[in-house]
Amino acid sequence: MNLELSLEQYETLLKLVYMGDWVISTLQAKERAEDDSDNDSRFAEVVRHVFNQAESIGLGNIVQIDQNNGEPYLTREFEEESGLVDILEDYEDEVFWQALIERLAHRDFLRHFGESSISEMAIEERIEKETPFHDKWANEFHENGIENLKT
């Protein structure tokens, strides 16, 4: 397969591959525990392939090769100047707040209605009855962050 991209599109592809690799790398410890090394190598192979093309199209200044293991990587300068670090930090922040809200809302929903009662509800009813718990926590964190959380 041949994929033709402009220099700008290829740079964008490098960023996308980097971000995808970052997400996968974050999960690698869990995957290794589950012995899912096949997926690790598939992803790493694609990352390597895309990054290794950078030199031949004139973007060798943003992709370097690790002298110890031969693996390509984006330079720290490019990571910071391209906004990748900011994007990933914003992503982490958003995932944190959404997961916290969802988990607390579901906990409170379970405590309020009970597991057996919830299991008898239709999906529409579950959503309708769990939404106020979600809204409560979303509003709390929007207004106060974690200030009011207690141990």
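**Salt bridges, pockets and a surface patch**

Reader: Is D108 buried or exposed?

Author: This is a predicted model, and in it D108 has a relative accessibility of 11%. Buried means under 20%. Because 11% falls under that cut-off, D108 counts as buried.

Reader: Which residue's side chain meets that of D108 in a salt bridge at 3.6 Å?

Author: The partner, at 45% relative accessibility, counts as partly exposed. The 3.6 Å is an N to O distance, and the nitrogen belongs to the side chain of K136.

Reader: How many residues apart in sequence are the parts tied together by K136 and D108?

Author: The side chains of K136 and D108 meet in a salt bridge. K136 lies in helix α6 (residues 123-144) and D108 in helix α4 (residues 84-113), so the pair ties together parts that lie apart in sequence by 28 residues.

Reader: Which residues are linked with D108 in a network of salt bridges?

Author: K136 is the partner we have just met, with its side chain on D108. The network takes in another residue as well, and the two linked with D108 are K136 and R107.

Reader: Where in the chain is the partner of R48, E71?

Author: The side chains of R48 and E71 meet in a salt bridge at 2.8 Å, N to O. This pair links distant parts of the chain, 23 residues apart. R48 is in helix α2, while E71 is in the loop between β1 (63-65) and β2.

Reader: Is E79 buried or exposed?

Author: E79 shares helix α3 (residues 76-81) with R76, three residues away, about one turn of the helix. Their side chains meet in a salt bridge of 2.8 Å, N to O. R76 counts as exposed at 53% relative accessibility. E79, by contrast, has a relative accessibility of 8% and so counts as buried.

Reader: Which residues lie closest to the centre of the largest pocket?

Author: The largest pocket holds about 270 Å³ of space. Of its 17 lining residues, the closest to the centre are D21, W22, S25, V47 and P72.

Reader: Which helices each supply at least two residues of the lining of the second largest pocket?

Author: This pocket has about 210 Å³ of space. Its lining includes L3, Y10, H49 and I57, and by class six of the lining residues are nonpolar, two polar and one charged. The helices that each supply at least two are α1 and α2.

Reader: What is the area of the nonpolar surface patch that L3 helps make?

Author: L3 is found in the segment before α1. At 56% relative accessibility, L3 counts as exposed. Together with M1 and L5, L3 makes a nonpolar surface patch of about 400 Å².

Notes
Residues numbered from 1 in each chain as written. Predicted model: local features only at pLDDT ≥ 70, side-chain atom pairs only at ≥ 80, totals over all residues. Heavy atoms only, no water. 1 Å grid on protein atoms, 1.4 Å probe; cavity = no way out; pocket = protein on both sides within 12 Å on 5 of 7 lines; lining within 4 Å. Points joined across faces, edges and corners; volume = space filled by probe spheres on them. Helix = DSSP H or I, 4+ residues; strand = E, 2+ residues; numbered from the N terminus. Nonpolar A, V, L, I, M, F, W, Y, C, P; charged D, E, K, R; others polar. Patch = residues over 30% accessible without salt bridge, like charges linked within 9 Å, V, L, I, M, F, W, Y side chains within 5 Å. Areas by Shrake-Rupley, 256 points an atom, 1.4 Å probe, with all protein chains shown as cover. Salt bridge = Lys/Arg side-chain N within 4 Å of Asp/Glu carboxyl O. Buried < 20%, exposed > 50% of the residue type's maximum accessible area, 1.4 Å probe, protein only.
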